[in-house]
Amino acid sequence: MQLYNTLSAEERAIMIDDAGKQRLTLSFYAYAKIQDPKKFRDDLFLAWNALDALGRIYVANEGINAQMSIPEENLEAFRATLEVYDFMKDLRLNIAVEHDDHSFLKLTIKVRDKIVADGLNDDTFDVTDIGVHLKAKEFNDILEDPNTIVVDFRNHYESEVGHFKGAITPDVETFRESLPIINEQLQNHKEDKNLVMYCTGGIRCEKASAYFKHQGFKNVYQLEGGIINYKKQLEEEGLESKFIGKNFVFDNRLGERITDDIISQCHQCGKPCDNHTNCENDGCHLLFIQCDECKSAMENCCSTECLEVIHMPLVDQVRMRTGKQVGNKVFRKGKSENLKFKHSGELPDTALAAAEKPADIRQKIKVKKVLLGKAEHYYVKAQVGLFTIENQELNTGDTILISGPTTGNQELVLEKMMVNDTVNTTAKKGDRVTFEVPFRIRLSDKIYKILD
């Protein structure tokens with residue numbers, strides 16, 4: 001039986017592009033008593049691997065915590081694999097605000113001591129005795145109550161790019177750090193205040209609300225489904241967002257936008273920015289905010305020292321890393337003195353700038369275009385797309401539009417191309433054409449020529 005990944009992330013990315021299927025990014029969790037987490041893990045791997053499900057999943061005696069990517073067409077079959085277990089029947093799946101076919105590129109299911117590390121060793125603490133769940137409108141309403149204290153139970157790098165207005169945003173790097181800090185800070189408000197909490201998808205607040213009830217807090221509430229579900233309800237019900245900025249997510253996207261407000265800065269130059277990146281130096285891999293200009297100038301590095309390292313011979317880089325515990329810690333969040341504009345703790349509720357909305361040709365202007373053909377393949381390393389011309393004639397110098405449900409609408413000027421494996425300036429019906437495409441394309445994409 002195959003109970004582990006056999007493909008690299010790069011190979012999987014190519015397979016996803018070749019399949020050309022719409023994928024969904026989703027998350028879910030469930031607290032339950034699982035007697036044999038190892039068998040539970042193996043059974044899930046077999047069922048999900050057969051559905052081309054990918055993601056990062058933790059299982060423990062106390063339940064399951066999952067962030068995943070699945071083909072949209074397999075959604076109902078995926079639900080069926082959950083409903084085999086009584087504790088996951090009718091489980092809410094938090095569907096992401098934005099989707100990316102490459103949000104996850106491996107199926108990793110790990111057995112852990114706990115699905116959320118809390119640092120607690122108290123046998124009298126009942127994780128199922130939770131606070132009151134609030135839907136988006138109820139959450140908005142209770143925030144207006146002057147007796148409400150709202151707490152962000154995420155970490156500093158998450159709250160920095162987006163949070164609810166007026167929230168306490170602890171300057172912590174782990175969930176376990178925040179519990180005693182907030183408990184100490186609010187000791188005098190166990191009975192006279194509404195303790196309202198939120199996190200990304202709800203799992204941390206599920207445990208935090210139970211912890212604070214255990215500590216004697218009387219009025220404990222949590223945002224049902226976290227920020228992800230809150231955004232969904234805003235759109236469905238036309239509600240005002242009390243959240244400002246971007247929601248950090250733990251996959252390759254690193255964030256999904258909730259409002260157009262940018263409330264954070266590039267950690268290197270101070271320009272309004274809320275795009276996270278990981279330092280290019282594999283011996284550092286620091287998670288930080290970097291604008292496009294600094295990304296270009298610093299080549300994705302967090303410091304001049306790391307910039308020097310990435311230009312060393314690979315053998316020297318490996319030698320420098322030997323013995324250091326970095327490995328797969330993609331989300332290393334340690335702060336650095338090199339990051340002059342890093343902010344934590346008490347954060348602003350006002351925007352520094354507005355995010356640019358992605359161009360949508362169909363909405364902004366009426367464009368005359370003619371269908372040329374469809375995408376056949378995308379060569380990831382070379383950044384080259386292969387297309388079949390089914391209609392009209394294509395020439396170098398033409399402005400083309402590549403469009404698809406995941407790719408969106410991408411316009412570019414065709415500078416040069418290969419036609420049937422030969423350099424040429426004209427392609428006709430039936431020809432196979434390749435040319436550089438500086439973004440990923442999918443098999444569902446169409447190629448159009450924009451007419452004057």
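The largest nonpolar core has 30 residues, and F28, W48, I57, I64, M68 and F78 have the most contacts inside it. Two or more residues of this core come from each of α1 (9–19), β1 (23–31), α2 (37–49), β2 (54–60), β3 (63–71), α3 (75–82) and β5. The model is predicted; the mean pLDDT of the chain is 89, and 94% of the residues reach 70 or more.

**Nonpolar cores**

- Apart from the core of 30 residues lies another one, of 26 residues, which includes I115, L120, I203 and C205.
- I57 is among the residues with the most contacts inside the largest core.
- Not counting residues up to four places away in sequence, I57 touches W48, I64, N65, A66, M68, L107, T108, I109 and K110.
- In soluble globular proteins, nonpolar side chains tend to be buried together.

**Confidence**

- The pLDDT falls below 50 over residues 360–365.
- Beyond near neighbours in sequence, the stretch 360–365 has seven contacts in the model.
- Where pLDDT is low, the predicted coordinates should not be read in detail.

**Antiparallel sheet of eight strands**

- Eight strands make an open sheet with antiparallel pairing, in the order β21-β20-β26-β17-β18-β25-β22-β23.
- β21 (408–413) and β23 (422–424) are the edge strands, and each pairs on one side only.
- From one strand to the next, the twist averages 35°.
- β20 (residues 399–404) pairs with β21 over six bridges in the antiparallel sense, and the bridge partner of L401 in β21 is E411.
- β18 (residues 384–389) and β25 (residues 432–436) run antiparallel and are joined by five bridges; T388 stands opposite R432 in β25.
- β25 is also joined to β22 (residues 417–419), by two bridges and again antiparallel; here V419 stands opposite V433.
- In a regular strand the side chains alternate between the two faces of the sheet.

**Parallel sheet of four strands**

- An open sheet with parallel pairing has four strands in the order β6-β10-β9-β7.
- β6 (132–134) and β7 (148–152) stand at the edges with a single partner strand each, so one side of each has no neighbour in the sheet.
- Direction ignored, neighbouring strands of this sheet are turned by 30° against each other on average.
- β9 (residues 194–198) and β10 (residues 220–223) run parallel and are joined by three bridges; L195 has V220 in β10 as its bridge partner.

**Helices α6 and α7**

- α7 lies across β6, β9 and β10 of the parallel sheet, and runs at about 155° to β9.
- Two packed helices are described by the angle between their axes and the distance between the axes.
- For α6 (residues 175–185) and α7 (residues 203–214), the angle is about 35° and the axes are 11 Å apart.
- The crossing of α6 and α7 is right-handed.
- On the α6 side, F175, L179, I182 and N183 take part in the contact; on the α7 side, R204, K207, A208, Y211 and F212 do.
- I203, a residue of the core of 26 residues, falls in the range of α7, residues 203–214.

**Loop residues**

- H102 is found in the loop between β4 (94–95) and β5 (107–111).
- H102 counts as buried because its relative accessibility is 7%, which is under the 20% cut-off.
- Leaving aside neighbours within four places in sequence, H102 is in contact with A13, I16, D17, N252 and R440.
- A13, I16 and D17, three of these contacts, fall in the range of α1 (9–19).
- D52 is not a glycine, yet has a positive phi of about 60°.
- The place of D52 is in the loop between α2 and β2, two of the elements that give residues to the largest core.
- D52 counts as partly exposed because its relative accessibility is 27%, which lies between the cut-offs of 20% and 50%.
- N420, also not a glycine, has a positive phi of about 50°.
- N420 sits in the loop between β22 and β23, strands of the antiparallel sheet.
- At 40% relative accessibility, N420 counts as partly exposed.

Notes: Residues are numbered from 1 along each chain as its sequence is written. This is a predicted model: local features need pLDDT of at least 70, side-chain atom pairs count only at pLDDT 80 or more; totals for chains, interfaces and linings use all residues. Side-chain values use heavy atoms; hydrogens and water are left out. Buried means under 20% relative accessible area, exposed over 50%, partly exposed in between (1.4 Å probe, protein chains only). Contact means heavy atoms within 4.5 Å. Two strands pair if DSSP finds at least two bridges between them. Axes are lines fitted to C-alpha atoms, for helices over the stretch in contact, and angles run from 0 to 180 degrees between N-to-C directions. A nonpolar core is a set of buried Ala, Val, Leu, Ile, Met, Phe, Trp, Tyr and Cys residues joined through side-chain atoms within 4.5 Å. pLDDT is the predictor's confidence in each residue, from 0 to 100. A crossing is left-handed if the near helix is turned anticlockwise from the far one by less than a right angle, and right-handed if clockwise.
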